[in-house]
Every structure is written in C-alpha cells, then in structure tokens.
Amino acid sequence: MSVTLHQVDSIKGLRLAGWLLVVVPLLSLLVLAHHPTIAAHDAHEAASQLGAIAAFAGIVHGTLIAMQCALLYALLTWLVSRDLLHALPRAAAVMLVLGAVGVIGAALIDGFMVARVATFPHDGDPDLHIMDQLIRYSMSLNQVLIVAGEAAMSVGFACLSVDLLGLRGGARWVGAFGLVLGIASLIALLTGRLVLHLHGMQWLFAAQSVWMICLGVVMLRTSAAAHQQQLGMGGANHIDA
C-alpha cells in the first residue's frame, strides 16, 4: 500500500504503536479467555464464589485495563500522525477516549467492586438480600458502561476507518473493513442483538482484534518505509506502507 508523506505528518513512536496493535490484541484475547465466571443458585452461593475468585478477578481485569490503555495509546499515536487538526482524526480520538473510559469503568466494577461487595461481612438473610441487590446493581452499571463504551469505540473505529479510505492501496481495505465493523457493531449494540456478557464480549473483541492487527501492520510498514526514505533509500514523493 502507498501513503504519501504529507498524509502521515508524524512518524515518532509509530513503530512501537504498530507493534502494540499487533501483539496486545492477541494477548488480550488470551487473558479474556481466562475471565472468571460463577454459577450460583442463590445469594449465599454467589457471595461465596465471588469471594473465592476475587483475587484472580482483580488480576484478570487489571491486566485487561492495562492492555486497553496500551491499545488507546497506539490508536492515538496513529491519529496524531494523521494530524488532529483534521476533523476525522480528531473525532475518532474523542470517541476512542470516551470508549476507553466506559470499558475501563466496566472492568473496574466487574473486577473489583463486585468482589468487594461480595466479601462484605453479612449475618443472616437480610444482609444477604442487601448484598444480592448491590451485586445486581453493580452488574447493571457494568452493562451500561460496557455498552456505552463499546458503542463509542465503534464510532471511533468508523471515523478512523473513513480517514483510512483516503489513503492508497491496502490501507483502503483496512479502512473498509473497519468501517463495516464499526457500523455493524454499533447497530448490533443499539438494537440489543449483541449482548456484552462474556461470550458476546469475546466475539466482539475478536473481530476488533483482527482489524487492529491489520492497522498495526499498516503502521509498521509505514514506519519502516519512512525510516528507509530518511536514509535515502526511499522515493522522494511517497512511502510504501
């Protein structure tokens, strides 16, 4: 694929960002596959299971939060290279930041708040009933945040992808894929066809991961070609990405 030099204004950090987009989604899928689950028939059993997995849930969700930050850094690096003075990169950056806030907030609730509620001291059925209601409230808040976050992410992916359509060669195919992914996931989320419990989240992030890896390859090839041109090995007017 070919990207003219004036279309990518800043190459600093692009190589690192590209590798992050190639590696981190794969690691995130691996961590997400180990997301703890419970199967309880009553509040007492649920509290017991949640207390038992609290430490592991914190590790899993803390890791996922760190990886979400790494992905946001990588995506924003690309958008900065596309110049945030332009409307599409700026809109994509705003929506991706909002989306990350929602996703991280949902992870904090699921991985830390719910477990802490489950480990509160309780004595008898009244306390268990209150605990059950607090857990249900926390999980409802988790779902609101994750759906809002992923909806914003979908809009951000779509804006970034429309910007990619203005580039040459294979970058356009990555843009077309991202645009379809962003629109389809947004519609599925808003209509309720995609429910973001564990399996729904795994399917959505798997699709997003494929696109982010493709974008990471674009970034790596763009960075490599720019480096070659700086050494006098590339052409005068364009770089291949």
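This text leads through a predicted model, from an aromatic pair to a cavity and then to two further helical regions.

The structure holds one aromatic pair. Its members are Phe157 and Trp211, whose ring centres lie 4.8 Å apart with the planes at 50 degrees, so the pair is tilted. For that reading the relevant limits are 30 and 60 degrees, since planes under 30 degrees apart count as stacked and planes over 60 as edge-to-face. Phe157 belongs to helix α5 (residues 125–164) and Trp211 to helix α7 (residues 198–230), so the pair ties together parts that are 54 residues apart in sequence. Both Phe157 and Trp211 are buried.

Phe157 also leads to the cavity, as this residue is part of the lining of the largest cavity. The count comes to one cavity of 30 Å³ or more, and about 80 Å³ of space lies in the largest cavity. Which helices supply its lining? At least two residues each come from α3 (54–81), α4 (87–118), α5 and α7. The largest share, four residues, is that of α3. Among the lining residues are Gln68, Leu71, Leu72 and Leu75, together with Leu96, Val103, Glu150 and Met153. Phe205, Gln208 and Met212 are also included in the lining. By character, the lining divides into nine nonpolar residues, two polar and one charged. Glu150 is the charged kind of residue, and Gln68 and Gln208 count as polar.

The next element is helix α6 (residues 170–191). This helix has 22 residues and reaches 32 Å from its first C-alpha to its last, close to the 32 Å expected at 1.5 Å a residue. Which residues of α6 are buried? They are Ala171, Val174, Gly175, Gly178, Leu181, Gly182, Ser185, Ala188 and Leu189. An α-helix has 3.6 residues a turn, so residues three or four places apart point the same way. Just after α6, Gly192 takes a positive phi of about 80 degrees.

A last point of interest is Gly51, found in helix α2 (residues 43–52). Is Gly51 buried or exposed? With a relative accessible area of 32%, Gly51 is partly exposed, because that category lies between the limits of 20% and 50%. Leaving aside neighbours within four places in sequence, Gly51 is in contact with Ala118 and Thr119. The C-alpha atoms of Gly51 and Val117 are separated by 9.0 Å, although these residues are 66 residues apart along the chain.

Key:
Residues are numbered from 1 along each chain as its sequence is written. This is a predicted model: local features need pLDDT of at least 70, side-chain atom pairs count only at pLDDT 80 or more; totals for chains, interfaces and linings use all residues. Side-chain values use heavy atoms; hydrogens and water are left out. Rings of Phe, Tyr and Trp (its six-membered ring) pair if their centres lie within 6.5 Å; planes under 30 degrees apart count as stacked, over 60 as edge-to-face and the rest as tilted. Buried means under 20% relative accessible area, exposed over 50%, partly exposed in between (1.4 Å probe, protein chains only). The expected span of a helix is 1.5 Å times one less than its number of residues. On a 1 Å grid over the protein atoms alone, a cavity is a set of points where a 1.4 Å probe fits but cannot get out, and a pocket is an open set with protein on both sides within 12 Å along at least five of seven lines; lining residues have an atom within 4 Å of a point. Grid points are joined across faces, edges and corners, and a volume is the space filled by probe spheres set on the points. Contact means heavy atoms within 4.5 Å.
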